[in-house]
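I sat down with this model to look up a few things and jot them in my notebook. The entries follow in the order I made them.

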Amino acid sequence: MSQQYDLATPVAIGLPVYNGERYLAGTLASVLNQTYPHFSLFIADNASTDGTEDICRRFAREDKRITYLRNPVNLGAARNYARCFEPARSPYFRWQNADDPIEPTLLERCVEVLDQHPDVVLAYGKTRIIDEHGQPIEDYDDNLDLRDERPADRFIECTRRIGLQNLMYGLIRREALARTALLGNYVASDINLIVELTLYGKFHEIPVHLFNRRMHPEASSWERSDAKRQRNFWDPQKRRMVLQTWRSILEFYKAVARAPIPFSDQRVLFFYLLKRAYWYKEPMKNELVDLIKFGLLKRP
């Protein structure tokens with residue numbers, strides 16, 4: 001079934017949030033002050049317990065472009081990201097973190113790229129890392145301007161180059177995004193998602209600072225090795241997150257299998273992923289040891 005788009009509102013933004021009161025108002029102001037005004041904003045509040053709800057409802061009353069959705073319980077990050085994506089019916093979509101303010105021309109510059117280049121699936125601007133007070137720390141080079149014609153080449157280059165995951169906050173073609181697995185409830189599934197998008201089109205970097213990535217102790221990416229924090233972020237209903245590396249590689253295989261790319265590209269990528277599994281053999285072995293250690297997998 002073909003997607004029915006809201007062509008009068010070319011851009012939709014999804015803002016998932018949980019207890020984001022510290023930075024939320026400033027971030028919302030940066031979104032609403034965009035030079036490109038033709039967008040809708042869907043806020044998915046993951047059962048926040050601070051002042052997030054009051055801030056969201058106040059902004060929604062003042063700007064008709066905002067739709068506020070509140071979950072009765074914390075669904076975890078993956079499901080909440082999907083919650084604010086599903087109602088969007090615009091041809092272009094982007095996610096927006098509650099603590100990452102954006103520059104005024106982000107939407108305008110990214111829409112221009114996607115309008116002019118139908119083979120581009122994701123447009124993004126340069127990233128600046130800021131601290132908890134909004135002061136610049138450094139300019140970060142995402143280095144993911146991927147314009148290779150061959151999907152396999154884009155996929156491999158993306159896995160090799162990706163560091164901080166900032167591209168989810170660029171502008172993406174919704175049709176392509178809807179064909180992916182979106183986010184899964186496993187650590188670093190955001191990286192899997194961005195890599196999967198390379199199978200649907202090119203990435204275009206706009207050589208202008210448009211996105212601000214705030215680093216602070218409460219940020220979900222502050223310490224990925226903290227298992228408890230990562231579990232609470234991705235899936236608070238789980239007692240333990242297991243086989244995370246195995247899950248990531250399995251999801252890569254599934255992404256390649258379902259992508260509308262030539263079999264020759266699939267063959268190249270299946271072999272590449274086999275080598276990737278070998279490169280990650282130590283963490284994969286350690287995850288199996290943990291299963292045995294915690295009694296989740298019986299010894300032979």
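Before anything else, a cut-off: I call a residue buried under 20% relative accessible area, exposed over 50% and partly exposed in between, using a 1.4 Å probe and protein chains only. The model is predicted, so I kept local features to pLDDT of at least 70 and side-chain atom pairs to pLDDT 80 or more, while totals for chains, interfaces and linings use all residues. Residues are numbered from 1 along each chain as its sequence is written, and side-chain values use heavy atoms, with hydrogens and water left out.

**Entry 1: the overall count**

I began with the chain as a whole. I found 11 helices and eight strands in the protein chain; these are DSSP runs, helices being H or I of at least four residues and strands E of at least two, numbered from the N terminus. Of the 300 residues, 52% count as buried. I then checked contacts, meaning heavy atoms within 4.5 Å. Among those between residues at least 6 apart in sequence, 76% join residues at least 24 apart.

**Entry 2: two odd phi values**

Most residues other than glycine have a negative phi. I noted two with a positive one. Phi of Leu182 is near 55 degrees. Leu182 is in the loop between helix H6 (174–178) and H7. Is Leu182 buried or exposed? Leu182 counts as buried because its relative accessible area is 17%.

The other is Ala47, with phi near 60 degrees. Ala47 sits in the loop between S2 and H2, and with a relative accessible area of 13% it is buried too.

**Entry 3: Ser48**

I stayed in that loop, since Ser48 lies there as well, between strand S2 (39–45) and helix H2 (52–62). Ser48 has a relative accessible area of 5%, so I logged it as buried. What does its side chain make a polar contact with? The partner is the side chain of Asp45, at 2.6 Å. For the record, a polar contact is a pair of N or O atoms within 3.5 Å; within protein, one must be able to donate a hydrogen and the other to accept it, and residues adjacent in sequence count only if both atoms are side-chain atoms. Leaving aside neighbours within four places in sequence, Ser48 touches Val17, Tyr18, Asn19 and Arg70.

**Entry 4: cavities**

Next I looked for holes. On a 1 Å grid over the protein atoms alone, a cavity is a set of points where a 1.4 Å probe fits but cannot get out, and lining residues have an atom within 4 Å of a point. Grid points are joined across faces, edges and corners, and a volume is the space filled by probe spheres set on the points. I got two cavities of 30 Å³ or more.

The largest has a volume of about 60 Å³. Its lining includes Leu106, Cys110, Asp142, Tyr169 and Phe211. Helix H4 (106–116) and strand S5 (120–130) each supply at least two lining residues, and S5 gives the most, with four. By class I have seven nonpolar, four polar and one charged. Here Ala, Val, Leu, Ile, Met, Phe, Trp, Tyr, Cys and Pro count as nonpolar, Asp, Glu, Lys and Arg as charged, and the others, Gly among them, as polar.

The second largest comes to about 50 Å³. Leu182 from Entry 2 is one of its lining residues, and Tyr186, Glu196 and Arg258 are among the others. Helix H7 (189–197) and helix H9 (244–258) are the elements that give two or more residues, and H9 has the largest share, four. The classes are six nonpolar, one polar and three charged.

**Entry 5: aromatic rings**

I counted eight aromatic pairs. Rings of Phe, Tyr and Trp (its six-membered ring) pair if their centres lie within 6.5 Å; planes under 30 degrees apart are stacked, over 60 edge-to-face and the rest tilted.

Phe93 and Trp95 are edge-to-face, 5.1 Å centre to centre with 90 degrees between the planes. Both Phe93 and Trp95 are buried. Tyr169 and Phe211 are stacked, at 5.6 Å and 15 degrees. That pair links distant parts of the chain, 42 residues apart: Tyr169 is in the loop between helix H5 (151–161) and strand S7 (171–173), Phe211 in strand S8 (residues 202–214). Tyr169 and Phe211 are both buried. Ring pairs also link Tyr81, Phe85, Phe93 and Trp95 into a cluster.

**Entry 6: H5**

Last, I checked what is buried in H5: Phe155, Ile156 and Cys158 are among the residues there. Their cover includes H7, S8, H9 and helix H10 (263–279).

Technical notes. On a 1 Å grid over the protein atoms alone, a cavity is a set of points where a 1.4 Å probe fits but cannot get out, and a pocket is an open set with protein on both sides within 12 Å along at least five of seven lines; lining residues have an atom within 4 Å of a point.
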